[in-house]
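Biologist: I am new to reading structures, and I would like to learn how the labels are earned. Could we take some of them one at a time?

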Amino acid sequence: MRTSIASTLPTAEAVSAATAKQRMLKLLVCSDAPEQALRYRGFSMIAGVDEVGRGALFGPVVAAAVILPERCGALGRAGLKDSKQLDRKQRERLDRRIRKRALAISIAEVDAETIDRINIYQASRMAMLAAVQGLSLKPDHLLIDALRIDHPCPQTKLIYGDSLSLSIAAASVVAKVHRDRLLRELDGVHPGYGLASHKGYATPSHRKLLRELGPCPLHRRSFAPVRALITGEPEPTGLLFPEALEDGALLETEGFADDMLDEVELDADVLAAASDA
């Protein structure tokens, strides 16, 4: 029987590991090197794909697919990188720049009900696939952050891709800005939970309000802190995987403790744009 990392590591140790990972990610250089390598191999219409909201307790998971022009170095010089490394003002400024320069952009959502039915991993893949299918231009290669999707196009799964590829980082920013805006709107529809502040993630304040008010229809009932309120199970304790929000703080969020302790798996062949068709 597999033992969960969250159940075996004390919180202090796990937070230290999470902090170390965040520091490591800040050292990575986000550039168009993966895209250039793919173009050298003959690909030209390269779509970066990423998702946000995977670890939230509330609302949809959102994915974006972005096709940037061949000359996109200006976005790197403007500070484009993984959306979790940026604050709200930076993300929204970059979102405007991306939308002006991109050849095609598509955004897709998968709602909480579907997440509960098929699980968050499959829902993330579904959202990514829908985003790619919604592009106005047909891609000939997909650069995806750590996943593959059920699409016939050749694909490269790039570990920590949103910190290495401008196309994936662009998708990360576009998806994050879209979801954050949506959660601010939903805060008015479902008041009292503080959604405009924590964007549905499992912050201490969100968990406290969730216990006081109970879940609303858009909470993910399959996620342990919400399920515990419905079934009467003990609420999980210990470390849940962190995701940085607007203020850059590390938050406790549900479901992916293993992600926090990933080792860097930067395959030289991938960075040389080997195609995972």
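Biologist: What makes Arg220 count as lying over the face of Phe223?

Modeller: This is a predicted model, and in it Arg220 is 5.3 Å from the ring centre of Phe223. The rule asks for CZ of Arg within 6 Å of the ring centre and within 35 degrees of the ring normal, so Arg220 sits over that ring.

Biologist: And how many aromatic pairs does a search of the whole structure find?

Modeller: The search finds 0 aromatic pairs. To pair, the ring centres must lie within 6.5 Å.

Biologist: Now the cysteines. Why is Cys30 too far from the closest cysteine sulfur for a bond?

Modeller: The closest cysteine sulfur belongs to Cys72, and the sulfur of Cys30 is 9.4 Å from it. A disulfide needs the two sulfur atoms within 2.5 Å, so Cys30 has no bond there. The count of disulfides comes to 0.

Biologist: Why does Cys30 count as buried?

Modeller: Its relative accessibility is 14%, and buried means under 20%, so Cys30 fits the label.

Biologist: What about Cys216: why is that residue called buried?

Modeller: The reasoning follows the cut-off of under 20%: Cys216 has 6% relative accessibility, so it counts as buried.

Biologist: What share of the chain do buried residues make up?

Modeller: Of the 277 residues in the chain, 51% are buried. The chain has an accessible surface of about 12,600 Å², and carbon and sulfur atoms hold 52% of that.

Biologist: Which helix and strand counts does the chain have?

Modeller: Its secondary structure comes to 13 helices and 5 strands.

Methods: Residues are numbered from 1 along each chain as its sequence is written. This is a predicted model: local features need pLDDT of at least 70, side-chain atom pairs count only at pLDDT 80 or more; totals for chains, interfaces and linings use all residues. Side-chain values use heavy atoms; hydrogens and water are left out. Rings of Phe, Tyr and Trp (its six-membered ring) pair if their centres lie within 6.5 Å; planes under 30 degrees apart count as stacked, over 60 as edge-to-face and the rest as tilted. Buried means under 20% relative accessible area, exposed over 50%, partly exposed in between (1.4 Å probe, protein chains only). Helices (H or I, at least four residues) and strands (E, at least two) are DSSP runs, numbered from the N terminus. Accessible areas come from the Shrake-Rupley method with a 1.4 Å probe; for residues, only the protein chains shown count as cover.
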